Amino acid sequence: MNQNHGESTPGCDIYELGVMPFTEAWALQKTLVERHREHSQPDCLLLVEHSGVYTLGQGSTLDHLKLPAEELPYPLFRIERGGEVTHHCPGQLVGYPILNLKRHQPDLHWYLRQLEEVLIQTLAQFGVSAGRQVGLTGVWVGNTKLAAIGIKVSRWVTMHGFALNVCPDLSGFEAIVPCGIADKSVGSLAQFCPGITVESVRPVVVTRFAQVFGVKPVIQNVARLGL
């Protein structure tokens with residue numbers, strides 16, 4: 001939980017961006033991180049869906065692509081986060097927390113476990129018992145991965161984050177070895193809750209994120225970002 005003992009609960013600005021191309025959300029994250037470096041900013045959480053895209057972690061290999069990059073069904077970008085290749089598409093709720101971990105706990109392992117806890121609690125609210133797998137990052141039901149996590153932290157300010165498969169078309173994952181894990185499958189919440197929508201899951205993620213990180217969610221107008 002947040003370490004501001006004896007103080008009022010700090011706010012966290014929540015921006016619901018709808019469907020946004022990956023490159024636009026990526027540029028926005030970098031802008032917000034730079035603002036943190038210039039002077040103190042509120043913590044914030046960007047929630048978004050992306051049109052189809054693949055991303056590679058900073059040090060990831062191309063070996064986990066099943067097709068040459070130019071033959072993939074969606075564009076491919078190498079980005080700053082850790083981890084191997086993953087896929088984003090509509091029906092997947094992506095969260096980008098821009099947090100100053102000095103306000104919470106400056107510990108990357110703690111932060112990863114907190115993000116997992118947000119998603120585990122979210123899934124539990126829909127009656128799905130999910131958990132962790134030893135040595136792996138993300139959230140799982142058995143050997144099926146429902147949520148991936150990949151982060152970048154610089155001077156204790158975070159970017160990138162988590163991707164929860166709510167109701168996506170999973171076929172885009174067939175062109176890659178998701179997260180470099182060949183012996184496990186990728187699934188979605190819709191497999192357990194037919195008819196589920198991103199719209200119904202988003203407010204639960206906001207509530208659980210606020211509880212796990214000890215912040216007060218403040219829904220903001222996207223216009224404040226100056227897009």
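In the predicted model, the lining of the second largest cavity divides into five nonpolar, one polar and two charged residues. These residues are W140, K145, P178, C179, I181, K184, S185 and V186, and the space they surround amounts to about 50 Å³. In total, two cavities of 30 Å³ or more were found.

The largest cavity has a volume of about 80 Å³. Its lining comprises 13 residues, and T86, A148, N165, F173 and V186 lie nearest its centre. By class, eight of the lining residues are nonpolar, four are polar and one is charged. Strands β5, β8 (144-154) and β9 (157-165) each contribute at least two residues to this lining; β8 gives the most, with four residues. V186 appears in the lining of the largest cavity and also in that of the second largest.

Strand β5, one of the contributors to the largest cavity, belongs to an open sheet of three strands. The order in this sheet is β4-β3-β5, and the pairing is mixed. Strands β4 (76-78) and β5 (86-88) occupy the edges, where each has a single partner strand; one side of each is therefore left without a neighbour in the sheet. Neighbouring strands of the sheet are turned by 30° against each other on average, direction ignored. Helix α1 (residues 22-38) packs on the sheet and touches β3, β4 and β5, with its direction making about 20° with that of β4. Within the sheet, strand β3 (residues 53-56) pairs with β5 in the antiparallel sense over three bridges, and Y54 stands opposite H87 in β5.

Strand β9, which likewise supplies residues to the lining of the largest cavity, is joined to β6 by four bridges, and these two strands run antiparallel. Q92 stands opposite N165 in β9, and N165 is among the residues nearest the centre of the largest cavity. Strand β6 (residues 92-98) also pairs with β2 (residues 43-49), again in the antiparallel sense, over five bridges. In this pairing, C44 stands opposite I98 in β6.

Strand β6 is mostly covered, with seven of its seven residues buried. Q92, V94, Y96 and I98 point one way from the strand, whereas L93, G95 and P97 point the other way, and all are buried. Burial thus extends to Q92 and I98, the β6 residues that stand opposite N165 in β9 and C44, respectively.

Methods
Residues are numbered from 1 along each chain as its sequence is written. This is a predicted model: local features need pLDDT of at least 70, side-chain atom pairs count only at pLDDT 80 or more; totals for chains, interfaces and linings use all residues. Side-chain values use heavy atoms; hydrogens and water are left out. Two strands pair if DSSP finds at least two bridges between them. Axes are lines fitted to C-alpha atoms, for helices over the stretch in contact, and angles run from 0 to 180 degrees between N-to-C directions. Contact means heavy atoms within 4.5 Å. On a 1 Å grid over the protein atoms alone, a cavity is a set of points where a 1.4 Å probe fits but cannot get out, and a pocket is an open set with protein on both sides within 12 Å along at least five of seven lines; lining residues have an atom within 4 Å of a point. Grid points are joined across faces, edges and corners, and a volume is the space filled by probe spheres set on the points. Ala, Val, Leu, Ile, Met, Phe, Trp, Tyr, Cys and Pro count as nonpolar, Asp, Glu, Lys and Arg as charged, and the others, Gly among them, as polar. Buried means under 20% relative accessible area, exposed over 50%, partly exposed in between (1.4 Å probe, protein chains only).
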